[in-house]
4 protein chains.
Amino acid sequence: MAKRDRARSERNILKAARMEFAKSGYAGARVEKIGSRAKVSKGMIYHCFGSKDGLFVAVLEELYQRLNESNGELVINDCEPVEGIQRLTAHTFRYFAENPEFIILVNSENLMKGKHLKKSKTMREMFRPVYDKLDYLLKTGAEQGIFRKDVETTHFYISIVALGYFFLSNRYTLGVVFDSDLFSEDILDQRLQHIQEIVLGYLSNSSDQTSLLPSV
Amino acid sequence: MAKRDRARSERNILKAARMEFAKSGYAGARVEKIGSRAKVSKGMIYHCFGSKDGLFVAVLEELYQRLNESNGELVINDCEPVEGIQRLTAHTFRYFAENPEFIILVNSENLMKGKHLKKSKTMREMFRPVYDKLDYLLKTGAEQGIFRKDVETTHFYISIVALGYFFLSNRYTLGVVFDSDLFSEDILDQRLQHIQEIVLGYLSNSSDQTSLLPSV
Amino acid sequence: MAKRDRARSERNILKAARMEFAKSGYAGARVEKIGSRAKVSKGMIYHCFGSKDGLFVAVLEELYQRLNESNGELVINDCEPVEGIQRLTAHTFRYFAENPEFIILVNSENLMKGKHLKKSKTMREMFRPVYDKLDYLLKTGAEQGIFRKDVETTHFYISIVALGYFFLSNRYTLGVVFDSDLFSEDILDQRLQHIQEIVLGYLSNSSDQTSLLPSV
Amino acid sequence: MAKRDRARSERNILKAARMEFAKSGYAGARVEKIGSRAKVSKGMIYHCFGSKDGLFVAVLEELYQRLNESNGELVINDCEPVEGIQRLTAHTFRYFAENPEFIILVNSENLMKGKHLKKSKTMREMFRPVYDKLDYLLKTGAEQGIFRKDVETTHFYISIVALGYFFLSNRYTLGVVFDSDLFSEDILDQRLQHIQEIVLGYLSNSSDQTSLLPSV
DNA sequence: AATGAATGAGTTTTCATTCAT
DNA sequence: TATGAATGAAAACTCATTCAT
C-alpha cells in the first residue's frame with residue numbers, strides 16, 4: 001500500500017491541493033478538503049508544507065515548473081519562423097486550456113499581489129529558455145524579411161499569452177456579456193485560429209505597403 | 001447630518017464595498033470593514049443589500065454600468081476607421097488602468113464561475129452599443145479597402161480587451177517572471193503603444209501581398 | 001436578564017478568565033472554557049478582547065488595579081511607623097493569600113518574559129502611592145531614631161512582597177520538600193508572624209550595639 | 001559516533017529538555033524541539049522517558065539533585081555562625097541566579113499543583129543535610145548569645161530562599177512595576193547585599209534593647 | 001533499537017449573519 | 001429605523017503520541 005512514504009504523501013497532497021485551489025481559489029480552498037482528497041490528515045499537510053500559504057507556493061511553483069517543462073518539449077529551433085511562431089502560440093494556448101488550474105492559481109496569486117511568487121528565486125530563470133526561443137524566431141524572421149523588425153520580445157510574448165489566457169480565464173463573464181457558451185471545443189479552435197491571425201498579422205512585414213500606423 | 005438618508009447610505013456602502021472587494025477579492029473582503037469604511041453599521045448593509053452576495057452583485061453591476069457609460073462617451077461614429085479603432089483601443093485600456101477595481105471584481109466573479117453576473121438581466125444589452133460601434137468601424141474600414149474583410153467582431157473585441165486587461169490583471173506575476181516593475185506610467189504608455197500596433201497590424205489589409213497565413 | 005449589555009458581558013468574561021487563567025496558567029487556559037464559564041460565545045470573547053493574549057493583558061491589568069485599590073484603602077499616614085509597617089506587611093500578605101489568581105497570573109507573565117505587562121503604560125504610575133507611603137514611614141521611623149537610616153525603599157518593598165509571595169506561590173513544592181501541609185489557616189498566621197519579625201528585625205535600629213554586619 | 005549509547009542519549013535529552021522547559025514552561029515546551037535540540041528522534045524520547053510528563057519529572061528531579069549536590073559542597077560546619085549564615089545565603093542566591101532553569105521549572109510545577117514532585121520519594125530526604133546545617137548554625141549562634149533564640153528553622157530557611165528566588169523569578173514584572181532593568185550584575189550584587197542585611201538583621205540578638213515587636 | 005511519518009483530538013481564531021434594543 | 005451585541009459553524013493550525021518500517 002506504500003504507507004509511510006513521505007514523497008508519495010507529498011505528491012498526493014500537492015495534487016489534491018492543485019485541484020482544490022483551482023476549484024475555489026486560495027481563500028475559498030479548504031485545508032480539510034485537501035486532506036481528505038489526498039487521504040492524509042490535516043496534520044500531515046502542515047507537517048509537509050508548514051501552512052496553507054506554504055502549500056500554495058508549492059502548488060504554484062509546480063505549475064510554473066510544468067509550464068516550463070512543457071515549453072521545453074516545444075522544438076522550434078529548426079523551424080521556419082512562421083511555423084515556429086504558430087507552434088509556440090498554439091502550444092501556449094493549449095497549455096492553458098488543458099491546465100485550467102494554472103489560470104485560477106495565477107489569478108489568485110495576482111489578487112494577493114504576488115506575495116508568494118516573489119519569494120521564489122527560480123521563477124526568473126525559468127522563463128529564459130522560452131524567451132530565447134521566441135527571440136531567436138523573431139530575429140530569424142526579420143533577417144529573412146518576412147517579419148517586421150521592431151518587435152519588442154517581452155511585450156509580444158505577453159500578448160501571445162494574453163490573447164489566450166484572458167479568453168479562458170474570463171469565460172464566465174464573457175459568456176454572460178456575449179450571451180454565448182464559450183466552453184465548447186469548437187469555440188476553442190475558433191479562438192486559437194483568431195489568435196494565430198492576430199499574432200501573424202502583427203508580425204507580417206508590411207513595410208513596403210502603407211502601414212495603418214504612422215511611423216514614430 | 002444626513003441621517004435617515006437611505007440613498008446616501010447605499011452610495012457610501014457601495015463605494016466602500018467596491019474598495020474592499022477590490023483590495024481583497026470576494027472571499028477576502030470583510031463585511032465588518034465595509035461597514036466601518038462606509039461609516040454605517042453591519043446591520044445597515046444587510047438591510048440595504050440582503051447579503052454579502054447581494055452586495056457583490058450590486059458592486060459588479062455598478063462597475064459594468066460605469067464601463068458602459070464610459071464607452072458611451074466615446075464618439076467614434078464620424079471618425080476615420082483607423083482613428084476610431086485607435087480611440088476605442090486606447091479608451092478600453094485606460095478604463096482598465098484607471099479602474100483597477102473592475103479587474104479584480106471581474107476576476108473574482110470568474111473564480112466563482114460567474115454565478116452572480118448570470119442573475120443580471122441587463123448585462124446582455126449593455127454591451128450592444130460598443131459592439132455596434134466596433135462593427136460599424138470594421139465594416140467601413142473594409143469597404144474603404146484599408147481593413148481586412150474577414151474580422152470576427154466578437155473575437156476581435158475580446159482581443160482588444162485581452163491585450164490590456166491581462167497585462168494589468170497579471171502585473172504582479174508578470175513582474176516576477178520578467179523581473180521588472182510594471183507599475184510605472186511609462187510602462188503603461190509603452191504597453192498601449194504595443195497594443196495599438198498589434199490591433200492595427202492585424203486589421204491592415206495585406207491581401208495583395210503574400211500573407212503569412214495560408215488562406216483557409 | 002440584562003442581555004445585550006456589553007459592559008456586563010465584558011465583566012463576566014473578565015471574571016471567568018481570571019478564574020480559568022488562575023486554574024491553569026496562560027498556556028493551559030482554554031478560551032472555550034472561559035466562554036462557557038461566562039455564558040458567552042467564544043466569538044464574543046474575541047469581539048471584546050481581540051485575542052487570548054489581549055484577554056490575558058486585561059485580566060492582568062485588572063488584578064494589578066485591584067491590588068492597587070486595595071493598597072489605597074490602607075491608611076497608614078497617621079500611624080506610628082512600626083504599626084504602619086506592620087499594617088502594610090500584613091495587608092500585602094493577605095492580599096496575596098486571598099487572591100491566589102494574582103500570583104498565578106504574575107508567574108505566568110514572568111514565564112512569558114513580561115511581554116504583556118510591558119505594553120501597559122499605567123503600571124509604572126500605579127505603584128507610586130504605596131511606594132510613597134512606605135518611603136514616608138521609613139523616613140519618619142528613622143527620624144524618630146527607631147528605624148535604621150540606610151534602608152533602600154525599593155529593595156525593602158520587594159522583600160516584604162517576596163517573603164509572602166514566594167511562600168504562597170511555591171506552597172506545593174515547599175510542601176513536598178518539607179513534607180508538610182502548608183494550606184491551613186494556622187500556617188498562614190504563623191508565616192505572617194514570621195514575616196513581621198523579619199521585617200521589623202531588619203528595621204530595628206541597632207546602631208548603638210555591635211551589628212552582625214561590618215559597616216561598609 | 002556514539003550510536004546505540006542509551007545513557008548518552010538520555011543525558012542529551014535531559015539537557016535539551018531542561019533548556020526547553022526553562023524557556024517555555026511545561027505547557028509551552030515542545031517535544032519536537034527537545035528532540036531536535038538533543039539530536040534524537042521524538043520516538044527516542046518516548047522510548048527513554050515514556051511521556052512528556054515523565055521527562056518533566058526527570059528534569060525536575062535532576063535539578064533538585066544538583067541543588068542538593070551544590071549545597072553539599074557548602075562547608076560551614078567549622079564556621080563562625082555569622083559567616084556560616086552569610087555563606088549559606090550567598091550560596092543559595094547564587095545557585096538560583098546561575099540556574100534560571102530551576103526557578104522556571106519549579107514555578108511550572110507549582111502551577112500544576114506539584115503533581116509531578118509528589119511522586120518523587122527522594123525529595124523529602126534531600127533537604128535534610130542543608131536543613132541540619134542551618135539548624136546547627138542557628139543553635140550555635142544562639143548559644144554564643146549573638147543570635148536570637150526563637151528562630152523557627154523551616155520558616156527562616158524559606159525566607160532565605162524567598163528573598164532571592166522571588167526577586168529572580170519575578171524580574172520581568174518587577175522591572176515593569178519599578179521601571180528599571182533588573183538584569184545587570186550590579187543589581188544582583190546589590191540585591192544579595194540587601195538580603196544579607198535582612199537575614200542578619202533579623203538574627204541579631206537585640207534582646208537587651210527595646211524590641212520593635214512586643215514579646216508574644 | 002531507532003526513526004520520523006502519520007494521526008486525531010483539541011486549540012485558537014474568523015466571520016457572515018441574526019436579532020434584541 | 002438603525003445599531004452593534006451576540007452567535008455558531010467552520011476555518012486554520014498545533015502537538016503529544018503512536019506505530020510501520
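# Two protein pairs and two DNA strands

C:Arg148 forms a salt bridge with D:Glu197, with the closest N and O atoms 3.8 Å apart. The model is predicted. The exercises start from this contact and move out to the DNA.

## Exercise: the contact between chain D and chain C

Describe the interface between chain D and chain C, from its polar links to its residue make-up.

Solution.

- Start with the charged links. The salt bridges between chain D and chain C number two. The pair C:Arg148 and D:Glu197 is one such bridge: its N–O distance of 3.8 Å falls within the 4 Å cut-off.
- Next, count the polar contacts. Chain D and chain C share 16 residue pairs in polar contact.
- Locate the elements. On chain D, at least two residues of the side that touches chain C come from each of α1 (6-28), α5 (81-98), α6 (100-111), α7 (123-126), α9 (153-169), α10 (171-177) and α11 (185-203). The largest share, 13 residues, is from α9(D).
- Sort the residues. This side of chain D holds 32 nonpolar, 21 polar and ten charged residues.
- Finish with the extent. Chain D and chain C each give 63 residues to the contact. About 5700 Å² is buried between them, and carbon and sulfur atoms give 68% of that area.

## Exercise: the relation of chain D to chain C

What turn and what shift lay chain D on chain C?

Solution.

- Read the superposition. A turn of 180 degrees and a shift of 0.0 Å along the axis bring chain D onto chain C, with an RMSD of 0.1 Å.
- Name the relation. This is what a two-fold axis does.
- Check the surfaces. Of the interface residues of chain D, 100% are interface residues in chain C too, so the copies meet through the same surface.

## Exercise: the contact between chain A and chain B

Work through chain A and chain B along the same route: superposition, contact size, polar links, elements.

Solution.

- Superpose. Chain A falls on chain B after a rotation of 180 degrees with 0.0 Å of shift along its axis, and the RMSD is 0.1 Å. Of the contact residues of chain A, 100% recur in chain B, so the same surface serves both copies.
- Size the contact. Chain A puts in 64 residues and chain B 65 residues. The two bury about 5700 Å², with 69% on carbon and sulfur atoms.
- Count the links. Two salt bridges join chain A and chain B. One of them pairs A:Arg148 with B:Glu197, whose closest N and O atoms are 3.7 Å apart. Residue pairs in polar contact number 16.
- Assign the elements. Those of chain A that give two or more residues include α1, α9 (153-169) and α11 (185-203). The top contributor is α9(A), with 13 residues.
- Sort the residues. The side of chain A that touches chain B has 32 nonpolar, 22 polar and ten charged residues.

## Exercise: contacts across the pairs

How far apart are the closest C-alpha atoms of chain B and chain C, and the nearest ones of chain A and chain D?

Solution.

- Take chain B and chain C. No contact joins them, and their closest C-alpha atoms lie 12 Å apart.
- Take chain A and chain D. They do not touch, with nearest C-alpha atoms 12 Å apart.

## Exercise: the surface near DNA strand F

Which residues come nearest to DNA strand F, and which part of the strand do protein atoms meet?

Solution.

- List the neighbours. Strand F has 30 residues around it; A:Lys42, C:Arg4, C:Arg6, C:Met44 and D:Arg30 come nearest.
- Split the strand atoms. Among those within 4 Å of the protein, 63% are sugar or phosphate, and bases make up the rest.
- Pick out a base contact. A side-chain N or O atom of A:Lys42 is 2.3 Å from a base nitrogen of strand F.
- Pick out phosphate contacts. The side chain of A:Tyr46 has an N or O atom 2.8 Å from a phosphate oxygen. D:Val31 uses a backbone N or O atom, 3.2 Å from a phosphate oxygen.
- Find the main element. With four residues, α3(C) gives the most to this surface.
- Sort the residues. The surface near strand F has nine nonpolar, eight polar and 13 charged residues.

## Exercise: the surface near DNA strand E

How many residues surround DNA strand E, and which are the closest?

Solution.

- Count. Strand E is surrounded by 33 residues, the closest being A:Arg4, A:Arg6, A:Met44, B:Arg30 and C:Tyr46. Of the strand E atoms within 4 Å of the protein, 64% are sugar and phosphate.
- Check phosphate contacts. A polar side-chain atom of C:Arg30 is 2.8 Å from a phosphate oxygen. The side chain of D:Ser41 has an N or O atom 3.2 Å from a phosphate oxygen.
- Check a base contact. D:Lys42 has a side-chain N or O atom 3.2 Å from a base nitrogen.
- Sort the residues. Nine are nonpolar, ten polar and 14 charged on the surface near strand E.

Definitions and conventions:
Residues numbered from 1 in each chain as written. Chains lettered and ligands numbered in written order. Predicted model: local features only at pLDDT ≥ 70, side-chain atom pairs only at ≥ 80, totals over all residues. Heavy atoms only, no water. Contact = heavy atoms within 4.5 Å. Buried area = accessible area lost by both parts, 1.4 Å probe. Salt bridge = Lys/Arg side-chain N within 4 Å of Asp/Glu carboxyl O. Polar contact = N/O pair within 3.5 Å; in protein donor to acceptor, adjacent residues only side chain to side chain. Nonpolar A, V, L, I, M, F, W, Y, C, P; charged D, E, K, R; others polar. Near = heavy atom within 4 Å. Least-squares fit on C-alpha atoms with pLDDT ≥ 70 in both.
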